[in-house]
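Q: Please take a close look at one part of this model: the pockets, together with the strands that surround them. I would like a connected account that goes residue by residue where that is possible.

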Amino acid sequence: MNAAGVRSLARIVARDDGRGGTALPVLASDGPLALRRTRATGAGARVMLVGAMSGPLGGDHFTVRGRVEQGARLTVGSAAATIALPGQTKGEARYDVALDVADHAELHWLPEQLISAQGSDLYVTTRVELAATARLVLREEQVLGRAGERPGRLTSRLTVRVAGRLVLDQELACGPGAPGGWDGPAVLAGHRAVGQLVLVRPEFATEPVDSAMLGPGAALMPLAGPAALVTAVAPDALRLRRLLDEALATLG
């Protein structure tokens, strides 16, 4: 660690092994981020992202880069929730995720919740680039504050492109110093947990999903191109996960 905070980079490359499975020729990480291959079912590979230290803290910069090459299948999860914490180093922490999915490849990006602890300041970016026939299930879950505490400042931006075409670009800022109205009826409406699912499937290009309410606090909408978005708010992380799991089951 130095005056600028901790820097950490994790890299994953998944590749069709030519025998009906998926190899991981690159699985490398340093600092507080660790990657572990775990048992998977079927032709895909499964990787867990493990935080070896608390954080990110103020001034830290974590980066995860993942590429799924043609024909490969990869699922990435995390061993526990990520907790953004205040640190001795003043200033914003960053957590950047860059994902690239090739033709006829599939990625399930399913980390645990990101918790914004009181006094923290975190900016998260997730950028996904998909080829025309790639498939994606991406889940994001954010919890504003631990039990009984106020949230920190959290800004999250998600962009998704399919065959070079932008299908989703959204940003949400919450907590102290965020633009007014973030906790109002048009955004979180007093809820502490917010999340979303992004699904990209080639068949959505000709058979897009229909917009629908998926129960209290969750909605499904089609996106431009072969993609769909589920957004949800809930009083807590457990109920948020239930809403998103039910939405994914509904979509099949």
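A: Two strands are taken as paired if DSSP finds at least two bridges between them. With that criterion, the pairing around strand 18 is a convenient place to start; note that the model is a predicted one.

Strand 18 runs over residues 227–234. On one hand, strand 18 is joined to strand 15 by 8 bridges, and the two run antiparallel. Within this pairing, V198 has L229 of strand 18 as its bridge partner. On the other hand, strand 18 pairs with strand 17 over 6 bridges, also in the antiparallel sense. Here M221 stands opposite L229. L229 therefore appears in both pairings, with V198 as its bridge partner in one and M221 opposite it in the other. In general, the strands of a sheet pair through backbone hydrogen bonds, in a parallel or an antiparallel way.

Strand 17 and strand 18 make up a hairpin, with 3 residues between the two strands. One residue of the turn, G225, has a positive phi of about 90 degrees. As for solvent access, 7 of the 8 residues of strand 18 are buried, so this strand is largely enclosed by the rest of the structure.

Strand 18 also takes part in a pocket. The second largest pocket holds about 320 Å³ of space. Its lining consists of 21 residues, and those closest to the pocket centre are Q170, L172, V194, Q196 and T231. Two or more lining residues come from each of strand 12, strand 13 (153–162), strand 14 (165–174), strand 15 (193–200), strand 17 (218–223) and strand 18. Strands 15, 17 and 18, joined in the pairings described above, are thus among the elements that supply this lining. By class, the lining of the second largest pocket divides into 10 nonpolar, 7 polar and 4 charged residues.

The largest pocket comes next. The space in the largest pocket is about 600 Å³. Its lining has 34 residues, and T82, Y95, P111, E112 and Q113 lie nearest the centre. The strands that each supply at least two of the lining residues are strand 4 (45–51), strand 6, strand 7 (82–84), strand 8 (93–101), strand 11 (121–130) and strand 12 (135–144). Strand 12 gives the largest share, 5 residues. Strand 12 is also listed among the elements that line the second largest pocket. The lining of the largest pocket comprises 20 nonpolar, 9 polar and 5 charged residues.

Two of the strands behind the largest pocket, strand 8 and strand 11, are paired with each other: they run parallel and are joined by 9 bridges. Y95, one of the residues nearest the centre of the largest pocket, stands opposite V124 in strand 11. Strand 8 is further joined to strand 5, again in parallel, by 8 bridges. In that pairing R67 stands opposite D100 of strand 8.

These pairings belong to an open sheet of 7 strands, with the order 2-1-5-8-11-13-14 and mixed pairing. Strand 2 and strand 14 are its edge strands, each pairing on one side only. On average, neighbouring strands of this sheet are turned by 5 degrees against each other, direction ignored.

Some individual residues in and around this sheet can be added. P25 is in strand 2, which spans residues 22–29. With a relative accessible area of 44%, P25 is partly exposed. P25 touches V13 and R15, leaving aside residues up to four places away in sequence. Between P25 and R15, 10 residues apart in sequence, the C-alpha to C-alpha distance is 7.2 Å.

E69 sits in the loop between strand 5 (61–68) and strand 6 (73–78). Its relative accessibility is 19%, and the limit for buried is under 20%, so E69 counts as buried. With the same exclusion of sequence neighbours, E69 is in contact with V13, A14, R15, A102 and A105. V13 and R15 are touched by P25 as well.

G164 lies in the loop between strand 13 and strand 14. G164 is exposed, at 58% relative accessible area. Its C-alpha atom is separated by 7.7 Å from that of L130, which is 34 residues away along the chain.

Conventions. Residues are numbered from 1 along each chain as its sequence is written. This is a predicted model: local features need pLDDT of at least 70, side-chain atom pairs count only at pLDDT 80 or more; totals for chains, interfaces and linings use all residues. Side-chain values use heavy atoms; hydrogens and water are left out. Helices (H or I, at least four residues) and strands (E, at least two) are DSSP runs, numbered from the N terminus. Buried means under 20% relative accessible area, exposed over 50%, partly exposed in between (1.4 Å probe, protein chains only). Contact means heavy atoms within 4.5 Å. On a 1 Å grid over the protein atoms alone, a cavity is a set of points where a 1.4 Å probe fits but cannot get out, and a pocket is an open set with protein on both sides within 12 Å along at least five of seven lines; lining residues have an atom within 4 Å of a point. Grid points are joined across faces, edges and corners, and a volume is the space filled by probe spheres set on the points. Ala, Val, Leu, Ile, Met, Phe, Trp, Tyr, Cys and Pro count as nonpolar, Asp, Glu, Lys and Arg as charged, and the others, Gly among them, as polar. Axes are lines fitted to C-alpha atoms, for helices over the stretch in contact, and angles run from 0 to 180 degrees between N-to-C directions.
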